[in-house]
Number of protein chains: 2
Amino acid sequence: MAPRTQVERTEATRAALIESTLALLDERGWAATTSVAVCERAGVTRGALVHHFGGLPALLAEALDVHYGELQASIDGVELASMSDLVDVAWSVVERGRFKIVIEAWLAAANDPELGAAIGPVVERFAKLVGPDERTSLVPDAEARSLYLTVRETILGLALGRATTGGPLGHEEIVLDRLRDLARTHDSQTGDPS
Amino acid sequence: MAPRTQVERTEATRAALIESTLALLDERGWAATTSVAVCERAGVTRGALVHHFGGLPALLAEALDVHYGELQASIDGVELASMSDLVDVAWSVVERGRFKIVIEAWLAAANDPELGAAIGPVVERFAKLVGPDERTSLVPDAEARSLYLTVRETILGLALGRATTGGPLGHEEIVLDRLRDLARTHDSQTGDPS
DNA sequence: GAATTTACATACATCGATGTATGTATGTGG
DNA sequence: CCACATACATACATCGATGTATGTAAATTC
């Protein structure tokens, strides 16, 4: 076994702990994501956690930050030219991104004000993930904004369903088709190129 | 102070514990709803909890059952004659009924299979609260079913927003107005009396 | 009104999660 | 190659949550 450099070991351990944290949040929720469980799954002891992060709260904050980065990266560079695009892009974030982690973080922050202060900045950024900044050209008027908000809440409803059932919902495509239909109607009426 | 009968004492204590449990679930979430916190808030000792319920899991199940009953009662006898009605009724359940309790229960059951088995029957009933049985005359065809599902998911999205922010969302009426508009269009096209 | 049951409170043991200190092997700079 | 720093593992103390046993005052039965 070739001698591994310090940065390699550090990076591997930190990544293992972060991935373990995210997996536990997704599979077993916030309460079950304890330092013991995280370290066991990552194959290290709690000493490593303390050494690299100082404690579980800091690791949680880091992990959420990393996860936010992944979600953000998955839609970076994607062009949002129409409402139809918005539906598909927002849904892709929910569908592919272990979005239950985000919901767990939202609820945990709401339930514990102290924790909310700690992970608040990260949590807030999640809120902006599901849609574009409202000042972009995609929502120029009240009508567009209304449609955007509705699409957003509907997709969050589907996300909640996935989080609470542990899998796809069965009627997701039915709902998404209706959203796409609403979006297409809006796009064509505003002369937006599809 | 007049001598109180046994059934009076029992009923008062049980009600206090159940209300305390629901309040804690709503305000501080599932993880913070511990037997110590519940009893302290109810003004009794853990002995009383054990005596009346046997343990915290049973109390949680009971409390959820009571809460379900309250939500159900709030819409009992309400006529669901149109899609427009559905929007308002479903929203009234979310808005008035400490719906965060339901979301917490859903997530807790999903996160802990053992717990899911314990409170599963109660949790499942919640799922049927937000809308009518899909076999009623309100959703006679695929089109109506699609609209119903979309309305349902959108309102659940708003419910999630309320649960994670601790208060109204600011754009709730905008979204609800759009849902009502969709519902009215549907009602008029199917010749349904508004 | 005495016996018995009910409705709790009190006390103790246990167990899991976290904080913290210290030991130790491994890489790193001089 | 030696002094040092880094990256962990191990061990112990603490603390909160729960299980459980027992004590006791109140109500009910007879």
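User: At what angle do helix α4 and helix α5 of chain A pack, and how far apart are their axes?

Analyst: In this predicted model, where local features need pLDDT of at least 70, side-chain atom pairs count only at pLDDT 80 or more, and totals for chains, interfaces and linings use all residues, helix α4 (residues 56–75) and helix α5 (residues 83–96) of chain A pack at an angle of about 140°, with their axes 10 Å apart. Axes here are lines fitted to C-alpha atoms, for helices over the stretch in contact, and angles run from 0 to 180 degrees between N-to-C directions. Residues are numbered from 1 along each chain as its sequence is written, and chains are lettered from A and ligands numbered from 1 in the order in which they are written.

User: What do you call that orientation of α4(A) and α5(A)?

Analyst: α4(A) and α5(A) are oblique to each other; angles under 35 degrees count as roughly parallel, over 145 as roughly antiparallel, 65 to 115 as roughly perpendicular and the rest as oblique. The crossing of these two helices is right-handed, a term used when the near helix is turned clockwise from the far one by less than a right angle, with anticlockwise being left-handed.

User: Which residues meet there, in α4(A) and α5(A)?

Analyst: From α4(A), A:L71, A:S74 and A:I75 meet A:V89, A:V93 and A:R96 of α5(A), contact being counted if the C-beta atoms, placed from the backbone, lie within 7 Å. By class, this contact has four nonpolar, one polar and one charged residues, where Ala, Val, Leu, Ile, Met, Phe, Trp, Tyr, Cys and Pro count as nonpolar, Asp, Glu, Lys and Arg as charged, and the others, Gly among them, as polar.

User: Stepping back, how many helices and strands are in chain A?

Analyst: Chain A has nine helices and zero strands, these being DSSP runs numbered from the N terminus (helices are H or I with at least four residues, strands E with at least two). Its C-alpha atoms fill a box of roughly 60 × 35 × 30 Å along the principal axes.

User: What rotation superposes chain B on chain A?

Analyst: A rotation of 180° with 0.0 Å of shift along its axis does so, at an RMSD of 0.0 Å, and the two copies are thus related as by a two-fold rotation axis. The fit is by least squares on the C-alpha atoms of residues with pLDDT of at least 70 in both copies.

User: And how many residues does each chain put into the contact?

Analyst: Chain B gives 27 residues and chain A gives 27 residues. On the side of chain B that touches chain A, the largest share, 13 residues, comes from α8(B), and that side divides into 13 nonpolar, eleven polar and three charged residues. Because 100% of the interface residues of chain B are also interface residues in chain A, the copies meet through the same surface.

User: Now the DNA: which residues come nearest to strand C?

Analyst: Of the 22 residues around DNA strand C, the nearest are A:T5, A:S35, B:T45, B:G47 and B:A48, with a residue counted as near if its C-beta atom, placed from the backbone, lies within 6 Å of the strand. The surface near strand C divides into six nonpolar, twelve polar and four charged residues.

User: Which ones come nearest to strand D?

Analyst: Around DNA strand D there are 22 residues, of which A:T13, A:G47, A:A48, B:T5 and B:S35 come nearest.

Notes. Contact = placed C-beta atoms within 7 Å.
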